[in-house]
Each structure stands twice: as C-alpha cells, then as structure tokens.
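Here is a short note for someone opening this structure for the first time. Please keep the view at hand while reading.

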Amino acid sequence: MPPHPHYPALFSPLRLGPVALKNRATMAAHGMRLGDDSGAISPRHQAYIAARAKGGASLVSASSLPVHPTSQTFAGLQIRIAGDDLLPSLTATADAVHAAGAKLAVTLWHGGYNVTWLAGRAAVGPSAVANSMGQVPKALSVVEIEELIEAYGAAAARCREAGVDVLEVQTSTDYLLGSFLSPVLNRRTDDYGGSFDNRLRIVRAVLESVRNAAGANLAVGIRTSIAHHMPGADEDYDAAASLKTVTALQQDGLLDYVSLMSGSYRAATHTIPTMAQPRASLAEPARTFSEALDIPVIVANRVRTAKEAESMIDSGAAAAVAMARTWIAEPDWARKYEAGEDAQVRPCVSCSQACQGFLARGLRVSCIGNPFAGREVEFPSLGKADTGQRIAIIGGGPAGMEAARLAAVRGHDVSLYEASAALGGQLAWAAAAPYRAEMGLLVDWWTAELKRLGVTVAFNHVVAADEPPAADKVIWAIGAEPSQSAVGKLRPALFDGIPGAVGLAHGRDILAGTREATGRVLVIDEEGGWPAVSLVETLVGQAGVSSVTVATTEYQFGLAELSVTRELSEVMARLRETGVRVVPGVTATHVGEGIAVFGDGPRLGRFNTIVLSTGTSSRPIPDGALAVGDCVAPRSIWAATNDALNLVGAL
C-alpha cells in the first residue's frame with residue numbers, strides 16, 4: 001500500500017545502522033505485567049506484541065528485560081533474560097513479529113536502586129543514596145560492576161541467537177546506568193565516579209560488551225533521558241549533559257541511534273506526561289539532539305496522532321517517533337492512518353488509569369477505551385456472530401457505547417437509548433472539568449464509530465424498567481446515581497449517611513450542572529480520586545464561588561487513585577496555586593447550617609454551600625437482566641468497557 005498522502009515522512013522507511021524499518025512509527029512496551037511464572041515471554045505477552053506488529057508498528061519492543069538477578073522485580077511476572085530459558089519464547093516472538101513485517105527490539109535493563117529489597121535482595125546502585133521510597137541500595141563494588149558488564153553482553157548474545165533485530169540499552173531516568181551518569185546519585189571516588197568520563201565509563205563498557213556480543217547484523221542504541229529533573233539539585237543530569245553523553249558514545253562508534261525520553265522516578269510526570277501537559281513536549285528539546293548528532297533520533301513523550309508525529313519528523317525534531325500508551329489504546333494505529341482511516345483510530349487520552357495505574361497495582365496493563373489490550377489471547381478477534389439479533393442498549397455512557405459498538409461489529413442490529421441529549425454519561429462530565437478535556441476524545445470516537453457502524457441512537461429517551469423496547473436482547477447500561485455509599489468505607493454501620501447531610505448538593509450534581517455552589521464552599525470528600533478532584537477544580541473556576549475548602553478522609557487529597565497514575569504531585573501543585581484549602585484525614589460526624597463537625601478534628605464553617613463527594617449507587621435494573629457498567633456495581637471506566645467486552649463478546 002502506498003503511503004498515506006498526508007503523512008509521507010511518517011510512512012517512509014528508516015535505517016538504524018544495519019536494520020531497515022518500514023516506517024517511522026515505533027512501539028515501546030515496557031513493564032506490561034503480561035508474564036507468567038515461567039520467566040519467558042508468555043503467550044499473552046506474545047499475542048500483545050504481535051497485534052501491534054500486525055497493526056503497522058515498524059519496530060516493537062518485547063519490554064525491558066533485566067540482565068541480572070539484582071534487577072529482578074516482580075516475582076512470577078517479569079521476563080528473565082539472565083539465563084537461556086528465555087530463548088524459545090523470545091525466538092517465537094521474533095518469528096511472529098517478522099511474519100507481520102516488523103522488527104523486534106529488546107531493551108536491556110537494570111533497575112538499579114529502584115528495585116525494592118522486597119523483591120528478595122538488596123538493590124544496587126553506584127552509591128548508597130536512598131531511592132524515592134527511602135530505601136538505601138548497596139553501592140556496587142568494582143568486581144560487581146565488571147560482572148554486570150559481562151551480564152549485558154551475555155543477554156545481547158541470547159537476543160542475537162533468538163533473532164532479535166534491535167538492542168536498546170536503558171540509560172534513562174535513574175535506573176542503574178542513568179544513576180551512574182547522574183552527578184546527584186553517583187558519589188563514587190573511584191574510576192566510575194567523579195568526572196564526566198568516569199561517570200560514563202560503565203555505559204561505554206556496557207555498550208562495548210553488547211556490541212561485541214550482538215555482531216554486525218543487530219542495531220544497538222540507547223534509551224536515555226534528555227534530563228532527570230531531580231528536585232533541588234544544583235548540578236543535575238540536564239539536556240547539556242545528556243547531549244554530551246550521547247555525542248561521546250556516537251563518536252566512539254557505539255550507537256546506531258538514540259531514543260529520547262525525560263524525567264526520573266522523582267519527576268514522574270516528565271516520564272509519563274499527564275493529559276494536563278502539552279502533547280509532543282520533547283519536540284523542541286529533541287531538535288538540538290537531531291541537529292548535533294549523525295545518528296537517527298527517536299522521540300517519545302505523549303505523541304498521540306499521525307499529524308503530531310509527522311510534524312516532528314518534518315521539522316527535523318526526530319527521525320522516528322516512539323509511543324507506548326498510544327499503541328496500548330490502538331493496536332492498529334499505523335495501519336489505520338496509512339489506510340486513510342484516521343477517524344477510526346481509538347484515541348489514547350493519557351489518563352494512565354488502566355496502564356500505569358494497573359501496573360502500579362500489580363495488575364496486567366490494559367486501557368479504559370480498549371479492554372482488549374492485554375487480552376488478545378482471550379479475544380484474538382471479534383468476528384461476526386453466527387446469528388444476527390436485534391439488540392437494545394439502554395444508556396449511553398462508556399459501558400453502553402462500547403456494548404453498542406461491539407454488538408454492531410458482531411453484525412447485530414443495534415439500537416441505543418439515551419435519557420439525555422448527548423452520549424458520554426459521567427465520562428462527558430469528566431471531560432468538562434478543568435485539565436480533563438481529552439477524556440472527551442473517547443466520547444467523540446465512540447459517537448463517530450456508532451454512526452459509522454449504523455447503530456440507531458435515540459436521545460432524550462427514558463426507558464422504564466418494566467417497559468423495555470422490543471428486542472432479542474436488552475442490555476442495561478444506565479449507570480449509577482449520586483449517593484453516600486462511600487461513607488461505608490470507614491463507617492459501614494452508618495446506614496443513613498452523614499447526619500444532617502440530606503438534601504445537600506452532591507458532586508455529581510455540580511459536574512452535571514443540575515445544582516450550583518456559591519460563596520464559601522466546603523467539599524466533604526469520602527470518595528477520593530478523579531470525581532472528587534474534578535469537582536474541586538470545577539468549583540474553583542466557577543463564577544460566584546469565593547473559596548473552596550476540602551475536608552477529606554484521605555491523608556492526602558486524591559492519594560489512593562492519583563498516586564498510582566503519578567498525577568498526585570501535579571494536582572496538589574495546582575490546588576496550592578489556586579488557594580484551595582485541604583483538611584486531610586478527617587471524617588464528618590455532623591453537618592448543619594453551613595457548619596461541619598469532624599469527630600475529634602476541626603469544626604469548619606460557616607460555609608455558603610456544602611457539597612458531598614461521597615460516591616454513587618447503582619440504578620435499579622430488572623432482576624436477572626443483562627447489564628454492564630455502573631448499574632451492575634459502581635466502578636471505573638475500564639470496568640464499564642470490560643463488562644461490555646465480556647458480555648457482547650459472548651452474544
């Protein structure tokens with residue numbers, strides 16, 4: 001197929017040393033938790049990788065592989081390249097990727113001091129400097145450094161034997177090699193610390209070891225941070241130091257390319273940018289590297305569309321673009337763009353809820369808009385049903401929209417009934433909140449897909465539980481309603497909610513625009529997460545609201561949910577800037593006349609408006625009915641779309 005006329009640079013070939021790529025769209029997939037107890041690349045992980053290769057990714061990654069036992073992190077889930085047991089599955093993965101017309105990359109990785117001792121052994125680093133969890137590693141001896149250098153070479157040899165095409169040495173962030181490069185973390189006084197050349201010594205030695213083992217037919221590059229952004233550092237590993245490092249390694253003849261990212265564990269929003277941050281944020285910093293180097297520069301960091309990728313390539317900022325979350329959301333990203341099917345590309349909205357959020361919880365990675373991700377083994381394809389049926393979907397939130405879309409894909413005659421004048425449900429409310437507009441991209445995509453697939457949508461149509469529409473199957477997706485269900489988290493015996501709170505505005509009412517807040521506003525938060533945060537940030541920007549105070553049961557507002565998506569520090573900074581007062585770790589015992597009492601804690605008031613952020617309860621549906629989403633039980637967007645996949649996939 002000829003390149004799409006709008007994206008000629010994106011779909012033109014690219015050479016990384018001895019390896020030719022068919023286009024400039026690549027996919028990196030690190031730490032997917034799709035493994036099993038074998039330490040090999042599991043069938044689940046192979047299927048995930050192969051799906052992206054078939055979807056048009058030019059270069060796909062088999063994740064970051066620990067080169068040494070001191071880098072092993074998740075027991076039973078992490079691929080192990082420190083032995084020959086991996087070879088059969090790595091070979092099979094390479095074969096599957098090649099059959100799809102793509103190339104396979106492996107990132108040779110050591111987590112350094114970020115590997116918690118809870119994995120079973122002391123973490124190691126250049127120096128005994130505590131990590132972001134406060135854990136102190138063992139400073140590596142010279143003998144141990146030499147052992148690690150050999151381990152990198154041995155891992156490279158296994159990759160060569162398995163048919164891997166590209167080896168990428170991880171020097172980014174504050175992983176082991178990045179820590180050696182860092183003047184903050186490397187405090188050694190021997191040949192591996194102090195001067196620039198000394199701090200670079202281990203990276204040079206590792207690349208030489210990898211080069212010697214890889215042979216002439218594999219491309220070798222590094223993934224590195226443009227800057228670490230270490231807080232409070234007078235001398236940091238910044239863009240100038242990073243470019244100096246890459247230039248030196250290029251001059252040594254050790255690199256076929258460099259892949260750029262940003263940040264470190266202490267600057268997570270630079271590493272995995274949130275939807276509140278600009279798209280393609282490394283384009284300008286990367287241009288300096290592209291202009292100074294004679295090797296291809298690959299750039300990551302929140303590139304979401306072919307237009308963005310094309311702009312970076314055309315402007316000389318990058319030779320190719322790498323994406324992780326974008327490919328989780330849409331396995332056919334490049335194929336659809338190349339075919340001119342731009343509107344069908346499922347968007348990544350950078351929410352990190354089911355990718356980074358699941359990873360942080362020890363779960364396998366998925367996507368709120370694409371519950372297929374990570375489940376390619378269970379759902380290799382969603383073909384036509386044996387018999388077409390008339391299916392009615394009641395409710396147009398994420399669960400209802402995805403159920404209607406999947407039912408139409410399966411060849412059913414689908415009608416969707418929505419009680420309001422627009423699709424989206426609570427997802428549309430989220431998109432209307434400050435800093436969350438990209439959530440609306442999913443609503444737009446579902447809306448366009450339902451139209452393309454011929455789904456009949458009836459707006460402003462309330463369906464009574466005892467009068468369902470005529471259909472072979474009726475699926476209820478009517479969501480949840482505001483309630484005080486969240487008080488049961490700490491006080492399950494509080495049957496009637498917070499005393500005195502009956503009739504107060506609920507956060508969902510504020511977000512939906514059915515209730516208003518004025519003057520001095522108190523938010524009583526027992527729910528946490530984005531519903532509470534979006535409520536507060538919405539109130540801050542509303543006319544007539546003079547101040548906002550949040551009294552939350554959490555010890556830091558939003559902690560439970562936002563910490564796993566790495567958004568907490570960014571949100572807290574915004575709230576401080578806007579003057580929001582947060583009273584943490586308190587539980588409301590009584591509310592009345594603009595005053596709230598919090599047990600042994602403070603008595604707050606008077607307020608003009610008190611708003612409850614206290615959860616939701618499922619709306620009633622017919623007993624035994626087919627149902628998806630929050631009307632089954634109040635949960636998350638991913639749970640809603642996953643319900644739809646599980647139910648409709650079996651119809």
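The points below cover the nonpolar cores, a few charged residues and one histidine.

1. Status of the model. This is a predicted model. Please read every point with that in mind.

2. The main core. The largest nonpolar core has 102 residues. Val106, Leu108, Leu167 and Trp333 have the most contacts inside it. Helix 5, residues 196-214, gives this core its largest share, 10 residues. Another core lies apart from it, with 40 residues. Ala404, Leu406, Ala640 and Leu645 are among the members of that other core.

3. Trp333. This residue deserves a look of its own. Leaving aside neighbours within four places in sequence, Trp333 is in contact with Leu10, Ala25, Gly55, Arg304, Thr305, Ala306, Met323, Thr326, Trp327 and Val345. One of these partners, Arg304, is the subject of the next point.

4. Arg304. Where does Arg304 sit? It is found in the loop between strand 11 (297-299) and helix 9 (306-314). Arg304 is buried, yet it has no salt bridge. The nearest side chain of opposite charge belongs to Glu438, 5.6 Å away. A salt bridge needs the charged atoms within 4 Å. Beyond four places in sequence, the contacts of Arg304 are Arg279, Arg325, Thr326, Trp333, Tyr337, Cys348 and Ser350. Two arginines, Arg279 and Arg325, are thus included in that list.

5. Glu308 and Arg279. The whole structure holds 25 salt bridges. In one of them, Glu308 pairs with Arg279, and the closest N and O atoms are 2.5 Å apart. Glu308 lies in helix 9, while Arg279 lies in the loop between helix 7 (268-271) and helix 8 (283-292), so the pair ties together parts that are 29 residues apart in sequence. Glu308 counts as buried because its relative accessibility is 17%. Arg279, at 25%, counts as partly exposed.

6. Arg364 and Glu378. These side chains also meet in a salt bridge, at 3.5 Å from N to O. Both residues lie in the loop between helix 12 (356-360) and strand 13 (390-394), so the bridge ties together parts that are 14 residues apart in sequence. Are these two partners buried or partly exposed? Arg364 is partly exposed, with a relative accessible area of 35%. Glu378 is partly exposed too, at 34%.

7. Arg405 and Glu402. Here the bridge stays within one helix. Both residues lie in helix 13 (residues 398-409), 3 residues apart, or about one turn of the helix. Their side chains meet at 2.9 Å, N to O. Arg405 is buried at 7% relative accessibility, and Glu402 is buried at 0%.

8. A shared network. Which residues are joined through salt bridges that share partners? Arg279, Arg302, Glu308 and Glu438 form one such network. Glu438 is also the nearest oppositely charged side chain to Arg304.

9. His506. This residue is placed in strand 18 (residues 505-506). His506 counts as buried because its relative accessibility is 5%. Its side chain reaches the backbone oxygen of Gly615 at 2.9 Å. Not counting residues up to four places away in sequence, His506 touches Pro482, Ser483, Val611, Leu612, Thr614 and Gly615. Gly615 therefore appears both as a contact and as the residue whose backbone oxygen the His506 side chain reaches.

Notes
Residues numbered from 1 in each chain as written. Predicted model: local features only at pLDDT ≥ 70, side-chain atom pairs only at ≥ 80, totals over all residues. Heavy atoms only, no water. Helix = DSSP H or I, 4+ residues; strand = E, 2+ residues; numbered from the N terminus. Buried < 20%, exposed > 50% of the residue type's maximum accessible area, 1.4 Å probe, protein only. Lys, Arg positive; Asp, Glu negative; His and termini not counted. Contact = heavy atoms within 4.5 Å. Core = buried A, V, L, I, M, F, W, Y, C linked by side-chain atoms within 4.5 Å. Polar contact = N/O pair within 3.5 Å; in protein donor to acceptor, adjacent residues only side chain to side chain.
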